[in-house]
Amino acid sequence: MSRYLFTPGPVPMQQDICDIGGEQTPYFRNDWFSQVVKECETNLLDCVNAPEGSRAIFLTASGTGAMEASVINLLKADQKTLVVNGGSFGQRFADLCDIHHKPYQSLHVADSDLSDIADQCTADSFCTLLINAHETSVGRLYNLQAVGQFCRENGLLNIVDGISMFVTDPLDMTEFNIDALIISSHKALGLHAGLSMVILSPRAIEALNERCSMYFDFHSYLNDGERGQTPFTPAINILMQLQHRLRQLVDGGLAKEVERAKEIAHYFREQISPLPLGFYSQYMPNAMTTLSPLDGRSAAQVVLDMEQNYGMVLTPNGGELRDKVFRVSHMGCMDIRYTDQLLDALFDYYGAER
Ligand SMILES: *Cc1c(COP(=O)(O)O)cnc(C)c1O
């Protein structure tokens, strides 16, 4: 039975990207590879409309590594950070602050996209804000425009984890006033796992702490990056995949991908309406649909049955949402036909006619 992936990483990948991943890894301390890295940096900054003078850092790490690196390099030991905590990824930022002794306060979010963030909290005592643009654990996309505006008005450094919405939903560092943007290879970019990037605005570069880690010291990545190199062995094949992928995304390619993700998400949400499934979140991104069974079935059981009986890999939730919620990712190399496979399976599972 073939497997269909509807998970927020890994995602279905293009064949040409898989082929690059399968190539013999070339040597990298040379001009050829420096050009690969420099092209990736230029195109990445272009894709997210980074302000003039921004730089990109390439880390060999999963997304959490880049979150941790950002906390280490950008948060102050003597000034407070506001952590938007609306689920397990927000909680991860709070945990990182605890581990690295960075003072913070959590803004717990339950049923809001923070359009009204200015009414929800006062910014007086903070110097930095940490947020996951898409809180993937529940499928909530925050209003980045409102959050960016709040940071601008109050002089906060705005650090955004855009890992699970880059390529499916609009992301613009200039428009959203983002100072540090974290993204990762294995979500909607559709590359192998193991490469994460932090894009720093000039303001963020200015705010970097003194050298405070061996592996995660942003100063050394910025220095070596000037000649297209990294301090330690990079994820060479994934950077080669990234070079190829970004060539598809520049010059309007990214806007088309966002449009395609939007179309797929809307199609899926419309088509499932006859089934006993409700939307768990009001603020869903194009990246993902979060569903709750309305007929008393356990969400975890639906996920198990869909994989065992149909080869459809959906995303279960843990903890208290285990029986209430499951998620369907629309990220990666998929189209309406791919999504139809899941719809057919769901209708068959519920004994309904499409
Ligand atoms: C997937 C994800 C991450 C990174 O998780 P890793 O397992 O470390 O790659 C970080 N933030 C968000 C919002 C995510 O969805």
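Me: Hi! Before we look for disulfides here, what is a disulfide in terms of sulfur atoms?

Reply: Here a disulfide is a pair of cysteine sulfur atoms within 2.5 Å. The model is predicted, so local features need pLDDT of at least 70 and side-chain atom pairs pLDDT 80 or more, while totals for chains, interfaces and linings use all residues. Residues are numbered from 1 along each chain as its sequence is written, and side-chain values use heavy atoms, leaving out hydrogens and water.

Me: Thanks! How many disulfides does a search of the whole structure find?

Reply: Zero. Cys47, for one, is in no disulfide, and its nearest cysteine sulfur, on Cys40, is 10 Å away.

Me: And is Cys47 buried or exposed?

Reply: Buried, with a relative accessible area of 11%; the cut-offs are under 20% for buried, over 50% for exposed and partly exposed in between, using a 1.4 Å probe and protein chains only.

Me: New topic: what does UniProt place at Lys187?

Reply: An unreviewed UniProt entry gives "modified residue: N6-(pyridoxal phosphate)lysine" there; such annotations may be inferred rather than shown by experiment. Lys187 is buried, at 9% relative accessibility.

Me: Cool. Which residues are closest to the ligand?

Reply: Ser62, Thr64, Thr136, Asp161 and Lys187 are the closest of the 13 that surround the ligand, counting residues with a heavy atom within 4 Å.

Me: What distance separates the side chain of Asp161 from a nitrogen atom of the ligand?

Reply: An N or O atom of that Asp161 side chain lies 2.6 Å from the ligand nitrogen. Thr64 also has a polar side-chain atom 2.5 Å from a ligand oxygen.

Definitions and conventions
Polar contact = N/O pair within 3.5 Å; in protein donor to acceptor, adjacent residues only side chain to side chain.
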